[in-house]
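This report describes selected strand pairings, surface patches and residue contacts of one protein model. The sequence and structure are shown first.

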Amino acid sequence: MKGTIVMSKNTQVETGVAVLEHGFALLEPRAWATKKKEGEEAAKADAPKFSAGVDFDKKTQADQIKKLLAAQEAAVEVLREKGEWDDDLPGKFPLYDADMKKVQASATDKRKVILSEKKPQLAGRYVLSTKSKEDKRPDVRYLALKRGANGAMIPVAMPMPLLEPGMTDEQVNEVKAIWNKHVYPGQNVNLGVTFRAWTMPDSQGVQARLDSVTIVGGGKRLDTVPFESHFGEEKLDEMMEWLNANTNFQLPTVEDGGADATVDMQTGEVSGPDDTAAPVEFGVQLGEPSKKTHRRKAEPKQGDEFSDGFGDDMPL
């Protein structure tokens with residue numbers, strides 16, 4: 001017996017600005033590890049999907065949460081009116097209160113714990129998990145900091161992965177670098193989603209299909225620590241002492257550019273009174289400064305390991 005999926009016009013909504021969580025897959029679809037399944041069910045559960053999770057503060061974003069809860073309930077009501085929703089059977093939902101949601105303690109600990117106790121950063125927040133099929137790529141656009149002729153903000157489509165024949169590794173890495181710059185855990189986003197209720201012989205629930213994403217911008221990367229938190233003046237002095245004791249490092253002196261010379265600590269240039277610069281290479285001195293430039297290749301990074309908290313056994 002196959003499952004049923006239904007939706008209505010009241011279930012298509014936008015989330016409002018929210019914080020993008022770890023574990024998203026927007027540049028490329030990703031297959032997540034799931035519980036053991038067999039046959040066709042296993043192939044479907046393990047299929048790569050696009051996904052994004054966002055969370056909302058229960059105090060400051062109450063209106064957004066209320067709107068999303070209404071859309072989720074509207075999806076359920078469609079099946080309830082058809083007599084296909086069992087109010088006595090627990091349902092699985094993509095939008096939930098982190099202070100009430102029970103999840104497995106860890107991969108090896110089967111105990112059930114409250115999600116916000118496992119992840120304190122989610123205390124006082126609602127969480128929404130969204131997904132879409134591999135062949136249903138969500139439309140992802142960045143709210144560019146410029147306006148069109150009519151004064152409206154211009155949403156710029158994020159570049160697609162460059163997989164056409166003839167594309168170089170450098171071009172592919174440039175696309176990934178753009179994504180890594182604008183799309184990261186902690187970024188402010190607005191998701192376009194459609195809630196759809198579903199039923200199976202022994203389970204039921206609601207799915208939030210990810211239709212589109214607006215990268216609003218201005219977010220603070222999650223789990224980042226300022227440089228100064230690790231490396232204060234004392235630590236920098238320690239590293240300079242180590243450098244002097246263990247290498248032939250030479251710090252440029254005023255003699256390199258004259259009595260009034262200054263050293264640009266960012267570029268290593270020594271400028272004299274006549275404002276002419278003498279190139280100085282920091283680090284181990286190996287003769288003439290190298291003219292070779294190095295270009296850092298951006299590695300694909302869509303987020304850390306992620307579990308949406310309610311499994312992956314719903315039909316898409």
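The sections below treat the strands, then the surface patches, then two pairs of residues.

The model is predicted: local features need pLDDT of at least 70, side-chain atom pairs count only at pLDDT 80 or more, and totals for chains, interfaces and linings use all residues. Residues are numbered from 1 along each chain as its sequence is written, and side-chain values use heavy atoms, with hydrogens and water left out.

**Strand pairing**

Strand β14 (residues 203-215) takes part in two pairings described here, where helices (H or I, at least four residues) and strands (E, at least two) are DSSP runs numbered from the N terminus, and two strands pair if DSSP finds at least two bridges between them. With β13 (residues 188-200), strand β14 pairs in the antiparallel sense over 12 bridges. A hairpin through 2 residues connects β13 to β14, and Thr199 has Gln204 in β14 as its bridge partner. With β6 (residues 91-92), strand β14 pairs in the parallel sense over 2 bridges; here Lys92 stands opposite Gly205 of β14.

**Surface patches**

Patches consist of residues with over 30% relative accessible area and no salt bridge (a side-chain nitrogen of Lys or Arg within 4 Å of a carboxyl oxygen of Asp or Glu). Like charges are joined within 9 Å, and nonpolar side chains (Val, Leu, Ile, Met, Phe, Trp, Tyr) within 5 Å. Accessible areas come from the Shrake-Rupley method with a 1.4 Å probe, and for residues only the protein chains shown count as cover.

Glu233, Glu234, Asp237 and Glu241 form a negative patch on the surface; Asp and Glu count as negative, Lys and Arg as positive, while His and the chain ends are not counted. The place of a charge is taken as NZ of Lys, CZ of Arg, CG of Asp or CD of Glu. Glu233 belongs to helix α6 (residues 233-246).

A nonpolar surface patch is made up of Phe227, Phe231, Leu236 and Met239, which together have about 360 Å² of accessible area. Phe231 is located in the loop between α5 (227-230) and α6.

**Accessibility and spatial pairs**

Buried means under 20% relative accessible area, exposed over 50%, and partly exposed in between (1.4 Å probe, protein chains only).

| Residue | Relative accessible area | Class |
|---|---|---|
| Glu233 | 69% | exposed |
| Phe231 | 33% | partly exposed |
| Glu84 | 35% | partly exposed |
| Thr224 | 42% | partly exposed |

Glu84 sits in the loop between α2 (62-81) and β6. In sequence, Glu84 and Met200 are 116 residues apart, and their C-alpha atoms are 9.9 Å apart in space. Thr224 is in the loop between β14 and α5; Thr224 and Gly186 are 38 residues apart in sequence, with 9.9 Å from C-alpha to C-alpha.
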